Amino acid sequence: MIIMQIILKKTVEKIMALKNESEIYKLGENYIGHTIERPEIIFTKGKKTHLIDLSGKKYLDFFNGHGVQPLGYGNKQILKAAKRQMKSLIHTGNHFYNIPQVQLAEKLTEISFGDKIFFANSGAEIVELSIKLARKHGRVHQSTEHAEIITFKNSFHGRTYGALSATNQTKYSNEMNPMLPGFITAEFNNLEDVSTKISAKTCAILIEPILGDGGIVCAEKSFLVSLRQLCTEKNFLLIFDEIQTGLGRTGCAFSYQHYNVIPDLMLLGKCLGGGFPLSALITKNDTAGFLKINDHGSTFGGNPVACASAMILLDYISSKENLHHINSISAELFKNLNYLREKYPSVIMQIRGTGLLIGIQFFPEYNINEIHDLLLRNYFITSVIANNTLRLMPMYICAKKETFKAAEILDSVLSIL
C-alpha cells in the first residue's frame, strides 16, 4: 500500500510539472489508446461558449463535445445543482430509487409523450436497450422470428456492437465483422425502399429524424408520417433516435414535435446530463410493460448527480422564451451561412439543418479535414461528418455576436481556399 502511494504521488507530481501542450500531448500519445486523431491542443478551462487552452487562447466552440453542454461551460445553475447533490449522495446503484432520478423521470414524461423512463449512461447503451425491447415486443406480439430492425443508410447509432450493427457506415465497422444479424438497411426518405425491406421477420424501424453523423439530412415530414402509419398497421415499433436532435437542439423540446409524429420509443443522450453521462429511453406504459425484472440493468443509469444536473437543462428547454432564443440564433446563423454560400458558390454546395444542428456541405474538390483544421487554427471548433460536411452545434446560450464571429472566421478561411 505504501509503495502504491509513493508511485501515485510521483505520477501526480510528474503531471503537475508539465508546462506546455507538447509535453502533455506526448504523455497522452504514450498512454491513451489511439482511436481518434487529436490535435496538439490542451484545453484547461471553459467559459460560456469558449474553451481556453493551456496558453490562454480562447476558442469559439460550435462543437461542445458532441453537443453535450448546450448551456455553456461553467453554467452556475448546473454547478450548483451538481455540487449540492454530490455533498449529499453521489451514487446508490440502480437497486434503489433516488430523488433526482424520480424527479427527472416525472419531468421527462410531463414534457414528452411518454409514461415510463429507462435510464443509462450513453447514447449507444440506450440504443442497445431499444433493440432488446423491440425484439421482445416482436416476439411476444408475433413470433420468435420477429427480430429484424430496419435502419437507414448513413445512420449513426453508436459504437457498441448492437448499436454499431444498426449503424450503416462501414468506416466504423471495417475489420470488425461479422456485425450482429437482424438489421436491414433502407434508403433515407424513400418509403418505397422501406416497403421492399419489410418481411415477416420485421419488428421495428429505427431512425434519426435528422441524420447527424450522416451529413445533417432532415427527414421529410411525409416520410415520417408514412413510417408511423406503417408501424401502426404492422404492429412494429417506431423508434426515434433523438440522442442528437432532442432536448432543444432543433428549436423544439424534441424533434418529433416538428413533425407531429409520435414514436413508440424515443432515445435521448448527449446533453441530457448537462455534461454528465446520462441517457434515457421514453415510451408508453403498454410498451414499457414488455420489459420485466432482470430484462435490463445499468450500474450508473439514473445517477443522482447526473439527474440533478439534467433537471437544469429540462427547466431551460421548458421555457418558450428560451426556445424562441434558440430559433432566433438559428435564423441569424442560417442567414450568415447562406450569405457565405452565395459569396462562395463554387466552394459551398449546401447549407442544411434545423435549429442549432447545422451542416455545411462543400464540393468534393475541397478537403473537409483541411477546412476543419484551418478553422481550428483560427480558434473556431467544429466537427467533420459524412458527405464532405462540416457540422455546427452551437450552444443554446450563443449570442448574435457569436454567430457573426463564426461567419467571420469561416469567411476568412474560405477566402484562401
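Is Asn154 buried, partly exposed or exposed? I began with this residue in the predicted model, and I noted that Asn154 is partly exposed, with a relative accessible area of 24%. I placed Asn154 in the loop between β5 (148–152) and α7, and I wrote down its positive phi of about 70°, which it has although it is not a glycine.

**Entry: other backbone features**

I then turned to Lys48, another residue that is not a glycine and yet has a positive phi, here of about 55°. Lys48 sits in the loop that runs between β1 (43–47) and β2 (50–53). Its relative accessibility is 55%, and since exposed means over 50%, Lys48 counts as exposed.

Where is the cis peptide bond that involves Pro178? I found that it joins Asn177 and Pro178, with omega at about 5°, and I located Pro178 in the loop between α7 (161–166) and β6 (183–186).

**Entry: the nonpolar cores**

Which residues have the most contacts inside the largest nonpolar core? I recorded Phe152 and Ile317 for this, in a core of 82 residues. The largest share of this core comes from helix α12 (residues 304–317), which supplies nine residues. I kept in mind the general tendency of nonpolar side chains to be buried together in soluble globular proteins.

I listed the partners of Phe152 with its neighbours within four places in sequence left aside, and the contacts are Asn168, Thr185, Ala186, Glu187, Phe188, Val194, Ile205, Leu206, Ile207, Phe223 and Leu227. Apart from the largest core lies another, of 23 residues, and I noted Val127, Leu129, Cys203 and Leu206 among them.

**Entry: α4 against α12**

Having met α12 in the core, I looked at how helix α4 (residues 76–88) packs with it, and I noted an angle of about 150° with the axes 8 Å apart. Angles over 145 degrees count as roughly antiparallel, and α4 and α12 are therefore roughly antiparallel to each other. I entered their crossing as right-handed.

On the α4 side I listed Gln77, Ile78, Ala81, Ala82, Gln85 and Met86, which meet Pro304, Val305, Ala308, Ser309 and Ile312 in α12. Sorted by class, this contact of α4 with α12 has eight nonpolar and three polar residues, and no charged ones.

**Entry: α14 against α15**

How far apart are the axes of α14 and α15? For helix α14 (residues 368–377) and helix α15 (residues 400–414) I noted axes 10 Å apart and a packing angle of about 125°. The two helices, α14 and α15, are therefore oblique to each other, and α14 passes α15 in a right-handed crossing.

I wrote down Ile371, Leu374 and Leu375 of α14 and Ile409, Leu410 and Val413 of α15 as the residues that make the contact. By class, I recorded six nonpolar residues in the contact of α14 with α15, with no polar and no charged residues.

**Entry: two residues of α9**

Is Arg228 buried or exposed? I placed Arg228 in helix α9 (residues 221–234), and it is buried, with a relative accessible area of 16%. With neighbours within four places in sequence left aside, I listed Phe236, Leu238, Val261, Ile262, Pro263 and Asp264 as the residues in contact with Arg228.

Ser222 also lies in helix α9, but I noted that Ser222 is partly exposed, with a relative accessible area of 47%. I also looked up its separation from Tyr316, which is 94 residues away along the chain, and the C-alpha atoms of Ser222 and Tyr316 are separated by 30 Å.

**Entry: Gly275**

Last, I went to Gly275, which is found in the loop between β11 (265–268) and β12 (279–283). Gly275 counts as partly exposed, at 38% relative accessibility. Which residues does Gly275 touch, not counting residues up to four places away in sequence? I recorded Val68 and Gln69. I added that Gly275 and Leu71 are 204 residues apart along the chain, while their C-alpha atoms are separated by 9.4 Å.

How values were computed
Residues are numbered from 1 along each chain as its sequence is written. This is a predicted model: local features need pLDDT of at least 70, side-chain atom pairs count only at pLDDT 80 or more; totals for chains, interfaces and linings use all residues. Side-chain values use heavy atoms; hydrogens and water are left out. Axes are lines fitted to C-alpha atoms, for helices over the stretch in contact, and angles run from 0 to 180 degrees between N-to-C directions. Helices (H or I, at least four residues) and strands (E, at least two) are DSSP runs, numbered from the N terminus. Angles under 35 degrees count as roughly parallel, over 145 as roughly antiparallel, 65 to 115 as roughly perpendicular and the rest as oblique. A crossing is left-handed if the near helix is turned anticlockwise from the far one by less than a right angle, and right-handed if clockwise. Contact means heavy atoms within 4.5 Å. Ala, Val, Leu, Ile, Met, Phe, Trp, Tyr, Cys and Pro count as nonpolar, Asp, Glu, Lys and Arg as charged, and the others, Gly among them, as polar. A nonpolar core is a set of buried Ala, Val, Leu, Ile, Met, Phe, Trp, Tyr and Cys residues joined through side-chain atoms within 4.5 Å. Buried means under 20% relative accessible area, exposed over 50%, partly exposed in between (1.4 Å probe, protein chains only).
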